[in-house]
Amino acid sequence: MDARDGIEIGAGIHLDVRTVGTGPRTALVLPGAERTDEDEAFLAALSAEFTVVMPSHPGFGRSPRPSWCTSVDDLAYLYLGWLERTGFTDVTLIGLQFGGWVAMEMAVRSCARLSRLVLVDSVGVKLGDPTDREIADLFAASHADLDEWIYADPAFRMGELSQAPEDAVLEMARNEEALAVYGWQPYLHNPRLSHWLWQISVPTLVAWGARDGIVAHEYGRALADRFSDARFELIEDAGHRPQVEQPEQLAKLVLAADL
């Protein structure tokens with residue numbers, strides 16, 4: 001099964017949702033700012049054992065954003081309510097980059113419908129001093145710099161935008177605009193979130209690209225240490241989006257029976 005549908009989940013919110021596979025377990029994948037088609041290989045690898053559900057956040061991809069939906073808190077409550085209404089249980093919640101922040105905000109509020117949490121090169125938490133730069137400034141960087149920081153392998157980079165497909169460029173621009181709405185200030189983190197990670201009661205996998213130029217893997221190791229039950233895995237030959245560059249390797253980590 002590979003389907004893409006527009007669904008209404010309440011409060012005037014319509015989401016573009018991709019569903020892949022018919023496995024006995026459910027994986028809810030919360031994307032970052034990548035284009036939807038970049039995650040195809042990762043979703044396909046997960047579908048060996050999962051029914052994989054991946055929405056586009058309001059404002060990203062094809063999902064419209066109501067004017068009132070402007071915070072990661074809004075997204076966390078939105079998805080928790082959605083899980084409640086769908087009746088999904090024992091969900092493996094996978095947060096990719098920005099989606100990892102949303103996933104953590106969900107899990108500190110409720111793990112009732114979750115069985116595992118997976119964070120992949122996540123942002124969202126301040127671990128160092130207020131003056132420490134832990135996350136590269138995405139909004140001030142050139143496209144060429146972002147390409148280099150995000151992807152270890154040049155083959156995955158979009159390159160010169162004037163030569164890229166128009167639809168891909170428009171989706172990228174829309175995603176970057178939405179990311180700024182949710183993460184402009186404080187910059188891509190919630191100052192209080194680190195103090196609540198102890199609330200997360202499910203096993204957690206923190207996976208990181210070894211060549212991440214946005215958030216270094218040392219940050220990922222320190223993040224894993226903040227959880228009561230977490231392990232850290234480094235993914236070689238990958239930058240900020242291992243699900244794009246090393247989808248099979250990341251999927252194997254997720255599919256492992258024991259976190």
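Rings of Phe, Tyr and Trp, the last represented by its six-membered ring, count as a pair if their centres lie within 6.5 Å. With that criterion in hand, select F60, F98, W101 and Y182, which form one aromatic cluster in this predicted model. The tour returns to this cluster after a view of the whole.

**The whole chain**

Display the full model as a cartoon. The protein contains 8 helices and 10 strands. Its radius of gyration is 17 Å, close to the 18 Å that the globule rule gives for 259 residues, so the protein is as compact as a globular protein of that length. Taken along the principal axes, the C-alpha atoms fill a box of roughly 45 × 40 × 35 Å. Colouring by accessibility will show that buried residues make up 56% of the 259 residues. Of the contacts between residues at least 6 apart in sequence, 73% join residues at least 24 apart.

**Helix α5**

Select residues 166-183, which are helix α5. This helix has 18 residues and spans 25 Å from its first C-alpha to its last, close to the 26 Å expected at 1.5 Å a residue. Next, highlight A168, E171, M172, N175, A178, L179, Y182 and G183, the buried residues of α5. Turn the view to look down the helix axis: these buried residues fall within an arc of 130 degrees, so they line one face of α5. An α-helix has 3.6 residues a turn, so residues three or four places apart point the same way. Rotate to the face turned away from the buried side, where the exposed residues E166, L170 and E177 are carried.

Which helices do the buried residues of α5 pack against? Add α2 (72-86), α3 and α4 (143-150) to the selection, as these are the packing partners.

**Helix α3**

Move to α3, residues 98-109. Its 12 residues reach 18 Å from the first C-alpha to the last, close to the expected 16 Å. The helix is mostly covered, with 11 of its 12 residues buried. Among the buried residues are F98 and W101, both members of the aromatic cluster. The charged residue E105 is also in the buried set of α3.

Then show R109 together with Y77. The charged end of R109 sits over the ring of Y77, 4.8 Å from the ring centre.

**Back to the aromatic cluster**

The structure holds 10 aromatic pairs. One of them is formed by F60 and Y182; their rings are stacked, 6.2 Å centre to centre with 10 degrees between the planes. Where in the chain do F60 and Y182 lie? F60 belongs to the loop between β4 (50-55) and α2, whereas Y182 is in helix α5, and the two are 122 residues apart. Both F60 and Y182 are buried.

**Two exposed sites**

Select G6, located in strand β1 (residues 2-10). Is G6 buried or exposed? G6 is exposed, with a relative accessible area of 70%, and a residue counts as exposed over 50%. Draw a distance from the C-alpha of G6 to that of S110: the separation is 26 Å, for residues 104 apart along the chain.

Finish at E248, in helix α8 (residues 247-255). E248 is exposed, with a relative accessible area of 51%. A second distance, between the C-alpha atoms of E248 and R192, is 34 Å, and these residues are 56 apart along the chain.

Conventions: Residues numbered from 1 in each chain as written. Predicted model: local features only at pLDDT ≥ 70, side-chain atom pairs only at ≥ 80, totals over all residues. Heavy atoms only, no water. Helix = DSSP H or I, 4+ residues; strand = E, 2+ residues; numbered from the N terminus. Expected span 1.5 Å × (residues − 1). Buried < 20%, exposed > 50% of the residue type's maximum accessible area, 1.4 Å probe, protein only. Arc of directions from axis to C-beta. Contact = heavy atoms within 4.5 Å. Phe/Tyr/Trp six-rings, centres within 6.5 Å; stacked < 30°, edge-to-face > 60°. Lys NZ or Arg CZ within 6 Å of the ring centre and 35° of its normal. Rg over C-alpha atoms; globule rule 2.2 N^0.38 Å.
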